[in-house]
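Subject: Structure for you to look at

Dear colleague,

Here is the structure I said I would pass on. My notes on it follow below.

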Amino acid sequence: MGSELAAADGPADERLRRLLFAHLDLTLDELGGSAAHVEFHALPEPRLRQIVEKRDAYEGQMRSILEDGIRQGLFRQVDVKLTTLTILGALNWTVFWWRPGGTWTTEDLVDGITDLVFGGLRVQSPEART
């Protein structure tokens, strides 16, 4: 899911939004909000190792997008690892409170979460800071 988006051309903010949508679309719509993707620590060691490797690679792809955004001047300088873990925590926690047919669609969640994330990441013009 993330590797195509991390490697894609284009502005990092667009790639990050597509990644957020793909993440929520998969976990909420395709998997029906199952918490299994975050509750994997009891798996047998060989399978757990595979899952952890994939998780780490996915986190690396998100970090790459954030680093690109900083280089492109779209995102301010942040601790990329902390920011990645914060975003993933917000996305993953939705499986515990989101309900199909409830108040928000996946697109609503992406819009709201993107607004919050980008509000914290975007470089502000000097005029906006005053």
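Helices (H or I, at least four residues) and strands (E, at least two) are DSSP runs, numbered from the N terminus. Thr83, for example, lies in helix α4.

Two points on the source. This is a predicted model, in which local features need pLDDT of at least 70 and side-chain atom pairs count only at pLDDT 80 or more, while totals for chains, interfaces and linings use all residues. Residues are numbered from 1 along each chain as its sequence is written, and side-chain values use heavy atoms, with hydrogens and water left out.

The chain overall: it has 6 helices and 0 strands. Of its 130 residues, 35% are buried (buried means under 20% relative accessible area, exposed over 50%, partly exposed in between, with a 1.4 Å probe and protein chains only). Among contacts (heavy atoms within 4.5 Å) with a separation of 6 or more, 69% are between residues 24 or more positions apart.

Helix α5 covers residues 106-121, 16 in number, and reaches 22 Å from its first C-alpha to its last, close to the 22 Å expected at 1.5 Å a residue (the expected span is 1.5 Å times one less than the number of residues). Its buried residues are Thr106, Leu109, Val110, Ile113, Thr114, Val117, Phe118 and Leu121. Seen down the axis of α5, these fall within an arc of 140 degrees, so they line one face of the helix; the arc is that of the directions from the helix axis to the C-beta atoms. Asp115 and Leu116 are exposed, on the face turned away from the buried side of α5. The buried residues of α5 pack against α2 (12-30), α3 (45-71) and α4 (80-97).

The largest nonpolar core (buried Ala, Val, Leu, Ile, Met, Phe, Trp, Tyr and Cys residues joined through side-chain atoms within 4.5 Å) has 25 residues. Two or more residues come from each of α2, α3, α4 and α5. Leu16, Met62, Leu66, Phe75 and Leu91 have the most contacts inside this core. Leaving aside neighbours within four places in sequence, Leu91 is in contact with Leu20, His23, Leu24, Met62 and Ile113.

Back to Thr83: this residue is buried, with a relative accessible area of 16%. Beyond its neighbours within four places in sequence, Thr83 is in contact with Leu66, Val78 and Leu121.

Regards
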